[in-house]
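Visitor: I'm new to this one, and I'd like a close look at a single part of it. Could you start with the overall layout and then take me to the place where two helices pack together?

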Amino acid sequence: MQTDPTEKRLRALMLASLDGDAAAYRSLLAELGRHLRPYFTRRLTPAFASHAEDLVQETLLAIHTRRMTYDRGRPFTAWLHAVAHHKFVDHVRRQSIRLTVPLEDDAPIFAHDDSADAIARRDLDAVLDAVPPRTSDLIRRTRVDGASVAEAAAAHGITETAAKVSIHRGLKSLAARFAGGPK
């Protein structure tokens with residue numbers, strides 16, 4: 001099997017640096033920088049070509065911190081390109097555009113669940129059926145719909161005082177009923 005001269009040279013430098021040769025390690029990093037710049041430049045779009053040097057530095061740092069994971073029995077350039085490829089993929093992920101939808105525009109995306117509202121309305125109707133119809137309507141208008149006592153009284157043709165008394169007695173009756181007191 002014929003070994004590529006670049007592979008042979010880089011692998012020898014890596015092995016020597018793993019054995020503690022500082023000069024070989026400096027030479028390895030310098031050669032890797034010259035090898036990685038064109039590798040990243042070819043893969044980056046012109047808009048991101050200036051990021052090639054950052055990717056080289058990130059890859060050299062990853063090689064430095066992960067150099068002990070290199071398997072001495074395997075080709076060095078395959079390991080180098082795997083590290084460089086992962087750094088490139090990380091870069092692409094960081095630069096990708098993530099589409100977002102503002103929360104106020106969520107109506108077409110999320111359906112509103114009306115079932116809880118329907119259950120609450122049914123329960124309210126059942127509770128208010130326990131008091132006379134006029135009292136029930138006065139309570140609904142003032143406490144649920146937000147109408148004033150004067151408006152609710154006018155709708156039934158009674159005085160505000162009569163409406164207040166009717167609402168008070170109706171709420172008191174409901175409270176006693178649900179508190180377990182006399183009905």
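What pattern does the protein chain follow, read along the sequence? After that, please zoom in on the contact of H2 with H4.

Guide: Happy to. Keep in mind that this is a predicted model. Reading along the sequence, you get α-α-α-α-α-α-α-α. Put as a count, the protein chain has eight helices and zero strands. There are 183 residues in the protein chain, and 27% of them count as buried. If you take the contacts with a separation of 6 or more, 54% of them come from residues 24 or more positions apart.

Now for your close-up. Two packed helices are described by the angle between their axes and the distance between the axes. Find helix H2, residues 22-43, and helix H4, residues 76-95: their axes come within 11 Å and cross at roughly 50°. That angle makes H2 oblique to H4. As for its hand, the crossing of H2 and H4 is right-handed.

Who is doing the touching? On the H2 side, look for Leu28, Leu32, His35, Leu36, Tyr39, Phe40 and Arg43. They meet Phe76, Leu80, His81, Ala84, His85 and Phe88 in H4. Sort the residues of this contact by class and you get nine nonpolar, three polar and one charged.

Several of those names come back when you look at the largest nonpolar core, which has 26 residues. Leu28, Leu32, Leu36, Phe40 and Phe76 are the members that touch the most other members. Helix H1 (5-18), H2, helix H3 (52-66) and H4 each supply at least two residues of this core. H2 gives the most, with seven residues.

Phenylalanine 40 is a nice one to click on. Leave aside its neighbours within four places in sequence, and Phe40 is in contact with Ala52, Leu55, Val56, Thr59, Ala84 and Phe88. There is also a second, separate core of ten residues, and Ile139, Ala152, Ile158 and Ile167 are among them.

Before leaving H4, stop at histidine 91, which lies in that helix. His91 has a relative accessible area of 5%, so this histidine counts as buried. Not counting residues up to four places away in sequence, His91 touches Leu44, Phe48, His51 and Leu55. Leu55 is a name you have already met, as one of the contacts of Phe40.

For another view of helix packing, move along to H7 and helix H8 (residues 160-179), which pack at an angle of about 100° with their axes 8 Å apart. An angle between 65 and 115 degrees counts as roughly perpendicular, and H7 and H8 are therefore roughly perpendicular to each other. Here Val149, Ala150 and Ala153 in H7 meet Glu160, Ala163 and Lys164 in H8. By class, this contact has four nonpolar, no polar and two charged residues.

One last stop in the neighbourhood: alanine 155, whose place is in helix H7, residues 149-156. With a relative accessible area of 44%, Ala155 is partly exposed. Alanine 155 and aspartate 137 are 18 residues apart in sequence, and their C-alpha atoms are 9.8 Å apart in space.

Key. Residues numbered from 1 in each chain as written. Predicted model: local features only at pLDDT ≥ 70, side-chain atom pairs only at ≥ 80, totals over all residues. Heavy atoms only, no water. Axes fitted to C-alpha atoms, helices over the stretch in contact; angles between N-to-C directions. Helix = DSSP H or I, 4+ residues; strand = E, 2+ residues; numbered from the N terminus. Parallel < 35°, antiparallel > 145°, perpendicular 65-115°, else oblique. Left-handed = near helix turned anticlockwise from the far one by under 90°. Contact = heavy atoms within 4.5 Å. Nonpolar A, V, L, I, M, F, W, Y, C, P; charged D, E, K, R; others polar. Core = buried A, V, L, I, M, F, W, Y, C linked by side-chain atoms within 4.5 Å. Buried < 20%, exposed > 50% of the residue type's maximum accessible area, 1.4 Å probe, protein only.
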